[in-house]
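Visitor: I'd like to learn how people put labels on the parts of a protein. Can you walk me through one?
Guide: Sure, let's have a look together.

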Amino acid sequence: MKKLLPTNALFVFLILSSSIASASQDNTSDKLEHDKWLKLRFSAQHERLIPIIAVADMFFACNKAKNSGNANYQVKELVEDMDRDLLAEKLITCLAGAATKSDIALNYGLQGCFFEQLSGLPQQKKLERMAIVVASISSLSREERQKSFSKCVTDQTISYLK
């Protein structure tokens with residue numbers, strides 16, 4: 001039997017691989033400098049976008065998991081086009097009584113965020129990576145999941161400022 005990487009290491013690998021994939025398109029130092037500049041230049045907008053993107057990630061994955069309705073939403077569409085109050089209502093309905101700060105909402109948020117982070121990959125690779133993400137989520141502590149979600153949403157938000 002093959003030795004498997006510890007789940008935490010695998011999850012860190014996923015975070016790093018998505019960062020590496022996006023960094024391969026630009027010089028890493030140039031990208032970091034550009035991201036810093038974006039954060040400073042658009043910090044108010046960045047801070048305003050973070051909760052919207054977090055809710056969009058949660059709703060996207062919840063909706064996908066439950067096949068709620070016939071709408072096939074994309075995270076970008078939810079962030080850019082949907083009224084934020086309507087988005088929040090849709091999330092609350094999809095969570096069916098679970099709080100937005102619950103573990104289930106956090107898990108959906110991670111899934112949604114990584115789904116968007118991996119969206120540039122070919123379908124088969126994306127499915128393989130998402131299976132690893134979903135498996136990894138269950139073995140992480142709430143604190144580790146919260147840190148991963150915060151990092152993922154922050155990185156995701158930067159892409160909306162570009």
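Visitor: Which residue follows α3, and what is the sign of its phi?
Guide: That's Asn67, and its phi is positive, near 50°. Keep in mind that this is a predicted model.

Visitor: What does the protein consist of, helices or strands?
Guide: There are eight helices and zero strands. From the N terminus on, the order reads α-α-α-α-α-α-α-α. Of the 162 residues, 36% count as buried.

Visitor: How do you know what span to expect for helix α3?
Guide: You take 1.5 Å times one less than the number of residues. Helix α3 covers residues 43-66, which is 24 residues, and the expected span is 34 Å. From the first C-alpha to the last, α3 reaches 35 Å, close to that value.

Visitor: Where in α3 is there a kink?
Guide: At Leu49, shortly before the proline Pro51, and the kink is about 30°. That number is the angle between two axes, fitted to the seven residues ending at the kinked residue and the seven starting there.

Visitor: Why is Arg48 called partly exposed?
Guide: Partly exposed lies between the 20% and 50% cut-offs. Arg48 has 45% relative accessibility, so the label fits. Arg48 is in helix α3, and its C-alpha atom is 9.7 Å from that of Thr157, although the two are 109 residues apart along the chain.

Visitor: How many salt bridges does the structure hold?
Guide: Four.

Visitor: What makes Arg145 and Asp103 a salt bridge?
Guide: The cut-off is 4 Å between a side-chain nitrogen of Lys or Arg and a carboxyl oxygen of Asp or Glu. The closest N and O atoms of Arg145 and Asp103 are 3.4 Å apart, and the pair counts as a salt bridge. This pair links distant parts of the chain: Arg145 sits in helix α8 (residues 142-161) and Asp103 in helix α6 (residues 103-117), 42 residues apart. Asp103 and Arg145 also belong to a network of salt bridges together with Arg142.

Visitor: Is Arg145 buried or exposed?
Guide: Buried means under 20%, and Arg145 has a relative accessible area of 7%, so buried is the right word. Asp103, at 38%, is partly exposed.

Visitor: What makes Glu143 and Lys147 count as exposed?
Guide: The cut-off for exposed is over 50%. Glu143 has a relative accessible area of 54%, so Glu143 passes. Lys147 passes too, at 55%. Their side chains meet in a salt bridge at 3.3 Å, N to O. Both lie in helix α8, four residues apart, about one turn of the helix.

Visitor: How do you know that Lys151 and Asp155 are about one helical turn apart?
Guide: They are four residues apart in helix α8, which means a separation of about one helical turn. Their side chains meet in a salt bridge at 2.8 Å, N to O. Lys151 is partly exposed at 40%, and Asp155 is partly exposed at 28%.

Visitor: Why is α6 called roughly antiparallel to α7?
Guide: Two packed helices are described by the angle between their axes and the distance between the axes. The axes of α6 and helix α7 (residues 123-137) come within 10 Å and cross at roughly 155°. Angles over 145 degrees count as roughly antiparallel, so that is what α6 is to α7. The crossing of α6 past α7 is right-handed.

How values were computed. Residues are numbered from 1 along each chain as its sequence is written. This is a predicted model: local features need pLDDT of at least 70, side-chain atom pairs count only at pLDDT 80 or more; totals for chains, interfaces and linings use all residues. Side-chain values use heavy atoms; hydrogens and water are left out. Helices (H or I, at least four residues) and strands (E, at least two) are DSSP runs, numbered from the N terminus. Buried means under 20% relative accessible area, exposed over 50%, partly exposed in between (1.4 Å probe, protein chains only). Axes are lines fitted to C-alpha atoms, for helices over the stretch in contact, and angles run from 0 to 180 degrees between N-to-C directions. Angles under 35 degrees count as roughly parallel, over 145 as roughly antiparallel, 65 to 115 as roughly perpendicular and the rest as oblique. A crossing is left-handed if the near helix is turned anticlockwise from the far one by less than a right angle, and right-handed if clockwise.
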